[in-house]
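Here are my notes on the two-chain model you sent round. Have it open while you read, and shout if anything looks off.

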Amino acid sequence: MNWPSARRGDDPARAGLNLARYIQMKTHQRLHSGRLLLGVAVLGLFAWSCARNPPSVEPEAPAPPPGAAQVTPTDPLAPGVRPSSQPLPQPVPPPLPEEEFVSRPLEEINREAPLQPVFFGYDSSEINAVARAAIETNADVLSRNPTWVVAIEGHCDSRGTPEYNLALGERRAYAVRDHLVGLGVSPDRVQTISYGEEFPFVPGENEEAWAANRRAHFVVTGQ
Amino acid sequence: MTRLLHCLALVAAVATAGSLVFAQQSLPPDPPARARTGVDLIIGDRIGAQPRLAVPDCLALTGDPETADAASTIAQVLFDDLEFEREFRLLPRDTYRTIPRARSLTDLPLNAWQELGADGVVSCAVSREADDQLLVRASLFNVSSLESALGVEYAGSFRNVRLYAHELANEIHRQQRGLEGVARSHLAFVSDRDSESVLGLVPNRQTKEIYIADYDGANVRRVTVSRSLNVTPAWTPDSRAVGYTSYRYGHQDIVISHIYEGRLETPARGNERVHNWLPSFSPDGSQIAFNSNRDGNPELYVMNRDGTNLRRLTNHPAIDTSPTWSPLGHQIAFTSDRTGSPQIYVIGVDGAGLRRITFESYCDRPTWSPSPYNEIAYASLTGPGYDIKVVDLATNEVRQLTFGQGTNESPSYSANGRHLAFSSTRRSGNKQIYVIGRDGRGLRQVTYTGNNEMPTWSR
C-alpha cells in the first residue's frame, strides 16, 4: 500500500517540520504495531495541514539542527493509511522550501570566497609557510561544510610560456590538493584543474600582478 | 605600339600546373617558334642573383565589378606570395605606371618591362564564364627571350579568388625554382577576438577559441564554438584536422576537430582526474605525443592516433612538457625543468637516448623543423620577455631570430622549413602572430584583431 496521504510530510515547512516528523515517526511505529488506525489517520491529516500552511521561510536560515536532519525528506515513510471516510484532496505540491536554505546557489557561495587562495613563488609549486596556513584554514572550512566539493585551480603569472604554465598550474593544484588531503580532507571532495596563465586575477606586467596570479584558487563546485 | 606586337609570334604556353582544386585545362598550344630546351624556361641568367619579376594587374576581360576585383586581388596576392619566398626580386608595383597595359594575355609590352629591369613578367587575364565560373589564365613571360615559360588556366568559383593566386605562386616556385611553396598552407591559432564569458562558476573569465587562416592571415575562420578555453592547437600532418587542449568538458583534454567534417575526437579520454593537454602529431600522423597528469605529475606520453597503445615517455618528478617530433618521427624534443630551469631535451620515441640540447637561462616550447633542415626553434628568456632562437642539431650552433621587441613565443615551422610563425607583443602590446624567415629576415604581421597566439602551421 502506498497512499498519498502518508507522503504529505515529505515537504513540510520548516516551522512544522519537527512536529510533523514526530507525528510521522509515531505513525510509523503505530502502523508497525498494527494499532490505532483511526488515530493515525487523524495525525496524518494534521501533518498534512501543517505542511499545507507553511509559515514564511527565511531563505538564509541555517540548516536544520543535526537531530532534525536524521529524518530527511527522502526517508521512506510508512506505506500510509487510508482515512476511513473521505479521500484526501490532491493538493499541488508546494515548492520545496528546504531547497531555499540548504542549497544556496554555488555562484553566491563562491562570490563570498569562503576558501582562501594559496600563493606561490616564481616558477614554483612549493608550499611555503603562508601557503600552509591558508590550506589549513581551508581544511577547517571544508570540515565545517562537509558536503562541499571543491575544485583547486592552478594559476600562473604570465612570465613563463603559456604552454609551460599549463603544467606548472597542474603541479600547483596538485601540491595544494595533496596538502589538503594530508590534513584529512577526502580526496573525493577535491578536484584539480590547471588554467596556466589564461585567467589572470590581476591584469598587468608588474610584481604585484605576477604575485597575485601565482596561485591555487578554490572554487566550490558542489555542496 | 609596335612593341606590343613583338612577342606575338613567339609565345608558347607550357601548361604544367597541377591544381588540387581547380578544373584545369591547357592553353591552346601555339607552335614553338624554335627548338627549346628546359633551360630556356628558367627566367633570370645572372648566376646567384634573384630573377626580377613584375606582377602587373590582371586583365579583366568581362566588365562586371567582381571580375575587376578578382583581377586586382589575384595580382596583389600573387605578388605577395612570390615576395614571401624571396626566390625572386619583385619590382615594386608602383613603378609599373609608365608601362602600357597589356592588350591581352599574350599581347604585352615586353620591351617596356625589360627597360624597367624585369627578367620576367606575369601576365594574367580573368573573365566571367558561363555558370558564373571565374576563368583565370596566366603566363610567365621571359622578357629577354620573349617566350612564355609557364602557362596555366584555372576555372572555379568567385568564392575565394586568393586561392588562384596562391596556386599560381606555388606553380611558379615549383617550375622555376624547384621549391615547394607554402602559399596554400594555413595557420591555426588561439584568439580572443570573439571573446565571450566562460560558462562556469567564476565570473569575468573570457573564452579563447581556435581559428584558422590562410598563411598570410586572410580568410580567418573559427574552428571551435565551445564557450570555454581552447589552447595549444596543432595541425595533423594531413592538414585536415587540428588537435588542441580544450576545457569544454570541464577539465583539460585533447580534442581533435576535423574542420572540414565538423567531427570531434577525444582520443586521450580524459576525465575529472585524468587531464591531457598539448597534443603533437607524429610526422606520419599515426601517433600523438602529449602531456598528462595521469601518473600524478606532468609527464609526456605517446599514444596511437585513436588512443590505443599508450606509452609513457618520461619519468621524472620535474615538469616535462611541450613535445615536438623529429622530421622522421624517431625522436621527440621537449621542455623539462629537471635541472632547476626549463631547458630543451631530446629523447627517443622508445624512451632511450635522453640528451640535453640547450644551456641557457630558460628555454621552452621547442618545435622541430621539417626536413631538410635539422634544427629546433624555441623561446629563450633573454630579458623581460622571450626571443625566438634556433639551435642547429648538427653543429649545436644557436642563432637568434628576434631581438627583444616585446615577448616572442610559440614558434612553428612552415612545411618547407623556410619560415616560422610565432606570437609577439611587439608594436601593439597585444599578442599577435608574425611570420619570419628561418634566417631572421622578412618579418610579417599576419593578425591584427584581438589577441592571437600559439600559431601552428599546416603542411
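1. A word on contacts first: two residues touch here if their C-beta atoms, placed from the backbone, lie within 7 Å. On that basis, the contact between the chains takes 20 residues from chain A and 29 residues from chain B. On the chain B side, β11 (230-235), β15 (276-281), β19 (320-325), β23 (363-368) and β31 (452-457) each supply at least two residues. Helices (H or I, at least four residues) and strands (E, at least two) are DSSP runs, numbered from the N terminus. That side of chain B divides into 12 nonpolar, 10 polar and seven charged residues; Ala, Val, Leu, Ile, Met, Phe, Trp, Tyr, Cys and Pro count as nonpolar, Asp, Glu, Lys and Arg as charged, and the others, Gly among them, as polar.

2. Some housekeeping. This is a predicted model, in which local features need pLDDT of at least 70 and side-chain atom pairs count only at pLDDT 80 or more, while totals for chains, interfaces and linings use all residues. Residues are numbered from 1 along each chain as its sequence is written, and chains are lettered from A and ligands numbered from 1 in the order in which they are written.

3. How far to trust the model? It scores ipTM 0.88 and pTM 0.80. pLDDT is the predictor's confidence in each residue, from 0 to 100. Chain B has a mean pLDDT of 91, with 91% of its residues at 70 or more, but residues 1-36 of chain B stay under 50. Chain A averages 72, and 54% of the residues score at least 70. Over residues 1-84 of chain A, pLDDT stays under 50. Within chain A, confidence bottoms out in helix α1 (residues 4-7), at a mean of 38, and peaks in strand β1 (residues 118-119), at 98.

4. Chain A has nine helices and four strands, running α-α-α-α-α-α-β-α-β-α-β-α-β from the N terminus on. Of its 223 residues, 36% are buried, meaning 20 or more other C-beta atoms within 10 Å of a residue's own (exposed is 12 or fewer, partly exposed in between).

5. Now the largest nonpolar core, with 139 residues, in which I74(B), L78(B) and L187(B) touch the most other members. Helix α8 (residues 162-182) of chain A gives the largest share, nine residues. A core here is a set of buried Ala, Val, Leu, Ile, Met, Phe, Trp, Tyr and Cys residues joined through C-beta atoms within 7 Å. Leaving out residues up to four places away in sequence, I74(B) touches C58(B), C124(B), V126(B), V136(B), V161(B), Y164(B) and A165(B).

6. Have a look at helix α1 (residues 65-85) of chain B. Its 21 residues should span 30 Å at 1.5 Å a residue (times one less than the number of residues), and the end C-alpha atoms are 31 Å apart, which agrees. Buried residues in α1(B) include I74(B), L78(B) and F79(B), and what covers the buried ones includes β5 (120-128), β6 (134-142) and α3 (162-177) of chain B. Just after α1(B), R86(B) takes a positive phi of about 60°.

7. Last, why does S246(B) count as buried? Because S246(B) has 27 C-beta neighbours inside 10 Å. S246(B) sits in strand β12 (residues 241-246) of chain B, and beyond four places in sequence S246(B) touches S226(B), S228(B), N230(B), D253(B) and V255(B).
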